[in-house]
Amino acid sequence: MLRAFRGTLLERQLISNRQNSHAKIMAKCFSSDGRPTRFKAVVFDMGGVVLPSPFQMFRDFEKSVGLKSGALAKIIVSEGSQGPWGQLEEGKLTLSQFSQLFSKTISKEVGNEVDVSPLINWMSYNNVDAFPEMVEAVQCVRAYGLKTALLTNNWFLDEKKMKTLLPVDTSLFDVVVESCVLGHRKPGPMMYSKCLQELKVSGDQVVFLDDIGINLKAAQEFGITTIKVNTASQAVSELSQVLGVPLDSPAPGTIPIPPRLKLDEERLENYLKSLGMVDTAKPLVRVFEHGQSNPTYFVSYAGRRLVLRKKPPGKLLPSAHAVDREFRVMSAMAKGGVPVPNMVAMCEDESILGTPFYLMDYIKGRVFKDTSLREVAFEQRRPIVMNMIKTLAKIHAVDIDGVGLSGYGKKGNRGYMARNLHRWVAQYEASKTREIPSMTQLIDWLSKRLPQEERIAVVHGDFRLDNLLYHPDTAEVLAAIDWELSTIGDPFSDLATCSVAYYLPQDSPLFAGLKGQDLAALGIPTPEELVQEYCRLSNLPGIDNWDFYLAYCFFRTAAILQGVYKRAVSGQSSSSDGEIVGQFAESMADIGWEIASKSSLKPTNPGPQPSNTSAGTSQQQQQQQRSFSTLSSPSRLRTHQPIMTALNIRSSTTSASSSSEQAGQMAVSLHGLSPRVQDLHSRVKKFIQEHVLPLEQVKVQRLSQPGVNRWQILPELEEAKARAKSEGLWNLFLPLESDPEAKYGAGLTNLEYAFLCEEMGKSIIASEVASSDATNIESSIRREGDHYIINGHKWWTSGALDPRCKICIFMGKTDTGAAKHRQQSMILVPMDTPGITIVRPLTVFGYDDAPEGHGEVIFENVRVPVSNILLGEGRGFEIAQGRLGPGRIHHCMRLIGSAERALELMIDRTMNRVAFGKPLAAQGSIQQDVARSRIEIEQCRLLVLKAAHMMDLYGNKVAAQEIAMIKIAAPNMAQKVIDRAIQAHGGGGLDQAFPLATHFAWARILRLADGPDEVHLQSLARSMYAKAKNAKI
């Protein structure tokens, strides 16, 4: 469920409907302009108000070093602004300087040397979340039209004093005032004065929340109304009373439904009534704010609080977002005594809400993201962890057949781990951007130690502390959540998953780990105790091959993170965190290999590893150490095949390859490709020569006939397409990353496809595409019930006049208020939909490209079903970027093919054309043109192949310079070579009897398509200047 409930509080018990009382309160507290009376702003402190207070951490630290409880706070207060803490908050000290001074202060107090690094680590607030109810209150305050501000004593996190401590979503606040930036701290008057100045309000128009009395007293001097924060819920309740408006959300972590996620609430209400729920008031529906792969809603109706989860709209992979599977497994788990939410109903009828959905009861509880459990009392920590293991044992004890899950996954006492290992090895290989030695060693170690016997149980698939809901006050587990990865398999994999935190450092970007922490001082059981408790509850003597499962967990996580990284650097992920988290893949592999290398577990299968990983044999390693890969066998030399077939490429442009290790071999000729791709290339070349090139003159002659319908499709061309499909020469452009199992295409890398594309470029019968800056799109896509309403004026729509064109892929903005690259969406629009008008056909250098043709098109109030959206709202830029790099490889290698054909025609023409008594080929200027053309084609080909290779290894972002270079170089090179060929042909070069004029036109077009040369030249120059500047620094 990808954190479907994470960060929210769910409530099981039935409650009375509050919509009417909510409305009455709202009516009372608003003035005529719709704003709560008197107050204009609310100011929040950070630590202890929006975030957990540091005092619990202080108590843990005090206990660990032998200080009396409360000693740290006394030291900080007594020293004031002159002490290390005060100077840190005023920006006069960095964290490292503070650490040295504060260590001396504490050491003096204790009487021996004290290491304050645990305190410093916590002071970065890693993996600490804001109180959901406080975030909800801030959102509600803003919704009522009041301003919000964050007024915090904080510090700089870096030595250059550039980055400050702000582990909150600052977009929630209109004003942020930081002590370290201002140079003054609370309770000093400058902080309050600055805040009021930035808010442009007077003190009597402000409410201030803080957890420290002295700060509140100082605020009162400005006439500010204050609230002392003891707990988040208490503070929100008091703030609600002061403002006279309700701030307690019916479900913390939910927000009003944005337009893109709107439901047909009338149909929902009718469905709820069909389940026996009846109420005079309408349903109250909100949406959970963060992280759902499946849209998740809160529904309050007829005295019940429910959670509704539905499949997203649009085209999805067959097995993706299977809400019916989630409903099935949780319903079954309830029968087996496992704590899960009460499942209410599953609805497969798409006519109700557009996609299938299910309902379950809403449960109130706590979710713990901090594995050290510092936010709870010491005496609760051990029971919380042990109850996690108790819940896991309950899951694994469920009678699979007895609860109706017989067909939920493959059964058998072996094979589950082997299947999963094979799957993740394949995933890793497909997304690999560099060699990770520890990953290669780990794959080999795991493959040789696969379990010979496996227990069979329902496997949760992602069982961790933060996938459990605990009672608000006790250590009882109320529900296990996030069942998206559940199946039938080896239960020890779940146990290993929930043990991962013990091996992660505190600063892990995944979640704060427990490695290096004093578990006894924290009150947290050891990993050995977890395994012992699980075995006791499961009546097992022990787990002999426990190291295998632990190492496997880190291998799987590394493979997942490598995929995240590859998507991020390829420009296929909208998440700005993708590169940061993805780069942690190597660290995870290192941890897994450390576990494996220290293990005494003996091999069970000493055979070869189940992968095609590139760092396998010593022979391969030797080849990687050479600058060139040479094939010097006698048979190779006798057939005069090229000696150099591949280059070992190192990248100097990416941190991913900053070491001396080589990134991998780049094929520079056909013989450097695999036998499969060589065969495919041979078949493509033969097909083009036999079935495509002859159609060029057929098309020219057919369209030049008087009175002919130029927009009628050539039947010969359709026959050629059918033949290509039957011979498996179809969808060759689909990249391996998007189609790893080659179900829809040939499973080619960008580099492999480049060689084929060159052959395709030799023909003028092919479709080309133009593109623009996707962020400049102004057309609109507006959700209205179960439909989208589309409006826009598209100046250029490729293929719009083609009589076969039945579907248009329309790009427009669904949310102009979203982040810049999340505003756009793509949607399928049938061309016969009312409201579509083709204004006129467009020509390119006089070519109308009949019968394909392009047009200027207007879309006016065009209605299409919500299911036509591609991937979901806000994914348009991501889709466009995903095809951008490969698209340019396509264009550039086609241009090289065009240039090759032009050179061939030029050579043939000049050998057979006589002028001044001798063949043109004997002329010195012609020979120079041929020589220059050959040099320029070879240079450009190598550059394009390098770009393709870089994209395969590192992704589109890292290869950005190379992509910009080929976008400049290839069209200009092709123009020069084709122009020389035209010159050699004389007047014939301008006529359709030869393909040169068409090839020349397309080369010129591609100096504008996907951005003009000037843009790419500027981008390339800037990156070079930036690189030079960084080098000097």
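# A tour of the sheet and the ring pairs

Begin with the open sheet, in which six strands follow the order 6-7-8-9-11-10 and pair in an antiparallel way; the model on your screen is a predicted one. Select the two edges of this sheet, strand 6 (254-255) and strand 10 (343-347), and you will find that each of them pairs on one side only.

Move next to strand 8 (residues 296-301) and add strand 9 (residues 304-310) to the selection: the two run antiparallel, and six bridges join them. Within this pairing, pick out Y297, which stands opposite L308 in strand 9.

Keep the sheet in view and select helix 12 (residues 265-274), which packs on the sheet and touches strand 7 (284-288), strand 8, strand 9, strand 10 and strand 11. The direction of helix 12 makes about 60° with that of strand 8. Helix 13 (residues 323-335) also packs on the sheet, where it touches strand 9, strand 10 and strand 11, and its direction makes about 150° with that of strand 10.

The aromatic rings are the next subject, and the structure holds 19 aromatic pairs. Select W85 and F98 to see one of them, an edge-to-face pair with 5.7 Å from centre to centre and 75° between the planes. This pair links distant parts of the chain, since W85 belongs to helix 4 (residues 84-89) and F98 to helix 5 (residues 95-110), 13 residues apart. Are these two rings buried or exposed? W85 is buried, with a relative accessible area of 8%, and F98 is buried as well, with a relative accessible area of 0%.

Now return to strand 8 and select F298 together with Y362: their ring centres lie 4.9 Å apart and their planes meet at 65°, so the pair is edge-to-face. Because F298 lies in strand 8 while Y362 lies in the loop between strand 11 (357-361) and helix 15 (378-396), the pair ties together parts that are 64 residues apart in sequence. Both F298 and Y362 are buried.

Further along the chain, select F492, Y534, F548, Y549, Y552 and F555 together, and you will see a cluster whose members are linked by ring pairs.

The last stops show charges over rings. At R783, look for the charged end of the side chain, which sits over the ring of Y788 at 5.8 Å from its centre. Finish at K794, whose charged end sits over the ring of F810, 4.6 Å from the centre of that ring.

Notes. Residues are numbered from 1 along each chain as its sequence is written. This is a predicted model: local features need pLDDT of at least 70, side-chain atom pairs count only at pLDDT 80 or more; totals for chains, interfaces and linings use all residues. Side-chain values use heavy atoms; hydrogens and water are left out. Rings of Phe, Tyr and Trp (its six-membered ring) pair if their centres lie within 6.5 Å; planes under 30 degrees apart count as stacked, over 60 as edge-to-face and the rest as tilted. Helices (H or I, at least four residues) and strands (E, at least two) are DSSP runs, numbered from the N terminus. Buried means under 20% relative accessible area, exposed over 50%, partly exposed in between (1.4 Å probe, protein chains only). A charge sits over a ring if NZ of Lys or CZ of Arg is within 6 Å of the ring centre and within 35 degrees of the ring normal. Two strands pair if DSSP finds at least two bridges between them. Contact means heavy atoms within 4.5 Å. Axes are lines fitted to C-alpha atoms, for helices over the stretch in contact, and angles run from 0 to 180 degrees between N-to-C directions.
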